[in-house]
Amino acid sequence: MKIEMKHIYKSFGSNDVLKDVSFSLEGGDICALLGENGAGKSTLMNILGGVIPMDSGSILVDGEVVNFANPVDSMESGIAFIHQELNLINDLPIYENMFLGRELKSKRGSLDLKQMYDQTNEMFKKMNVDLDPAKMVGELDASYKQIVEICRAMMMNASIIIMDEPTTSLTDSEIERVFGMMRTLVDHNVGIIFISHKLNEVLEICNQYVVLRDGKLVSEGNVANVTKKDLASFMVGFDVRTESLRRNKDKEAIGREVLRVDGLTNAQHFRDISFSVHAGEIVGITGLLGDGRSELFQAIFGADKYQSGKIYLNEKEVAINTTYQAIKEGIAYLPRNRKENAIIKDMDILENASIATWPMFAKRGVINRVKHKQVFEGHRDALRIKMDQLTDSITSLSGGNQQKVVLSKWLAASPKVLILDNPTQGVDVGAKEDIYDIILKLAEEDIAVIVLSSEAQEIIRVCDRALVMYHGVIQGELTEEEMSEHSIMRLATGGRLDEEKGVYQK
């Protein structure tokens, strides 16, 4: 199967989102669709998926012009769209999820569960998937949920599959599982459109690439002919820096101790955690998924409990039992899952940017919107947030700009300690560099910044030192030249640093 999109134009009001974009894909190819947040990728794929109409242009399937009035039309032409938010129901078994909206019925009109189970099992065998169709979807990890979505698309005879950032929340082993599934699809002559901000993954799994910038096609070709730096430059329109941003501060330049933790323990997630962070310091906390770092800092922020240990702020012991108390003490926490824990979709941009400080700028229970607006306008310029009206929905912004709004919310609280949990997850290469600049600027303003990240390169580029966690404990600390992907991975998998010999040992 071959799809072609020719001379596509699309505007929303006065905003020209797509300007004369042409795109094609054949079965058996994996094509990366790249671009910054807001470049037009989602709009182009929503047109192909029948979600929204184009203003002008044409779509051809195997040389025949088609018109997709709705997603069903696109699906019936062999195109499946697997969205970032998976459309699965956790409380149903896999085989029922495989037939959602097109359930098989018996002659009596009841659900034919056996037939659905058997057909699911046949598809799993065809795709080399080792799963029990009767297993509840809620018991699956994120990668297997992706695989179930892919198999469901194949069950509907999809010849082209659009995958929207499928690896954003996956571990390395889960990513390999999904990549293995993608290679199986290629063996079945299925074409894949792979939308991702992770350029190293693009180089690993894709054979073609297309780059959009400001609604225009700016580059396309064979992945074998480009580097990661080339792709990043195409996306933003200039050479993206790759050098270390670490400041290599000497100990005398570091400010006073702001946060200290002694023996903090929650038996389920972390044990005997001790560390300190100083004003103006950027400390990275890393490891593998399930290492307990998010749970640790949720406890420090008052969102979770700890059973023993002590927390000190400015050398005074504090007992933090609520997030409101943490904010009053000068701690801010940007959570890892923006869509679930950081933005409120039913609120506008200003409301999302000010919700954490409503009590601080209120008199007799009345929110001072004028004050909030003044504070946000200052952060809007400093953070380079691309937006239109303050009253627009937060969901009207790209992922990177949503993340900047969430960051502005916590900056408005004037924190002494800022905890950033995977701050660049799901944002494009340009927004990522903006966020790094913000982190460095905050540290220069004597805020103690703690960066929780699964990306070793992020920790190495930005942080003054790193604490590596393994199964709920701090396995080791790395500073300056000790920080490398190899050393971080060694500690994250249970290895240790022999300080005298400077080598790692099990």
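Helices and strands are DSSP runs numbered from the N terminus, a helix being H or I with at least four residues and a strand being E with at least two. The model shown in these views is predicted.

**View 1. Asn207 in the loop between α7 and β9.** The loop that holds Asn207 follows α7 (199-205) and leads to β9 (208-213). Asn207 has a relative accessibility of 28%, so it counts as partly exposed; the partly exposed class lies between the cut-offs of 20% and 50%. Leaving aside neighbours within four places in sequence, the contacts of Asn207 are Asp29, Ile30, Gly221, Asn222 and Val223. Ala224 is 17 residues from Asn207 in sequence, and the two C-alpha atoms are 7.0 Å apart.

**View 2. Val186 in helix α6.** Helix α6 covers residues 172-187 and includes Val186. With 25% relative accessibility, Val186 counts as partly exposed. Outside the four places in sequence on either side, Val186 is in contact with Gly28 and Ile30. Ile30 is also listed among the contacts of Asn207. Gln389 lies 203 residues from Val186 along the chain, with 44 Å between the C-alpha atoms.

**View 3. Helix α9 and the residue that follows it.** Helix α9 comprises residues 293-300, and 6 of these 8 residues are buried, so the helix is largely enclosed by the rest of the structure. The buried positions are Arg293, Ser294, Leu296, Phe297, Ala299 and Ile300. Gly302, just after α9, has a positive phi of about 85°.

**View 4. The largest nonpolar core, around Phe275, Phe297 and Ile300.** This core has 79 residues, and Phe275, Phe297 and Ile300 are the members that touch the most others. Helix α15 (residues 429-444) contributes the most to the core, with 8 residues. Phe297 and Ile300 are among the buried residues of α9. Both are also contacts of Phe275, which, apart from neighbours within four places in sequence, touches Leu259, Arg260, Val261, Leu296, Phe297, Ile300, Leu467 and Ile474. A separate second core has 51 residues, among them Ala32, Met98, Met127 and Ile147.

**View 5. Packing of helix α13 against helix α14.** The axes of α13 (residues 369-383) and α14 (residues 399-411) come within 10 Å of each other and cross at roughly 130°. The two helices are therefore oblique to each other, since the angle falls outside the ranges for roughly parallel, roughly antiparallel and roughly perpendicular pairs. The crossing is right-handed. On the α13 side the contact is made by Phe376, His379 and Leu383, and on the α14 side by Lys404, Ser408 and Leu411. By class, these residues are 3 nonpolar, 2 polar and 1 charged. In an α-helix there are 3.6 residues a turn, so residues three or four places apart point the same way.

**View 6. Packing of helix α14 against helix α15.** Here the axes are 10 Å apart and the packing angle is about 15°. α14 and α15 are therefore roughly parallel to each other, and their crossing is right-handed. Gly400, Gln403, Lys404, Leu407 and Leu411 of α14 meet Ala431, Asp434, Ile435, Ile438 and Leu442 of α15. The contact divides into 6 nonpolar, 2 polar and 2 charged residues. Lys404 and Leu411 also take part in the contact of α14 with α13.

Conventions
Residues numbered from 1 in each chain as written. Predicted model: local features only at pLDDT ≥ 70, side-chain atom pairs only at ≥ 80, totals over all residues. Heavy atoms only, no water. Axes fitted to C-alpha atoms, helices over the stretch in contact; angles between N-to-C directions. Parallel < 35°, antiparallel > 145°, perpendicular 65-115°, else oblique. Left-handed = near helix turned anticlockwise from the far one by under 90°. Contact = heavy atoms within 4.5 Å. Nonpolar A, V, L, I, M, F, W, Y, C, P; charged D, E, K, R; others polar. Core = buried A, V, L, I, M, F, W, Y, C linked by side-chain atoms within 4.5 Å. Buried < 20%, exposed > 50% of the residue type's maximum accessible area, 1.4 Å probe, protein only.
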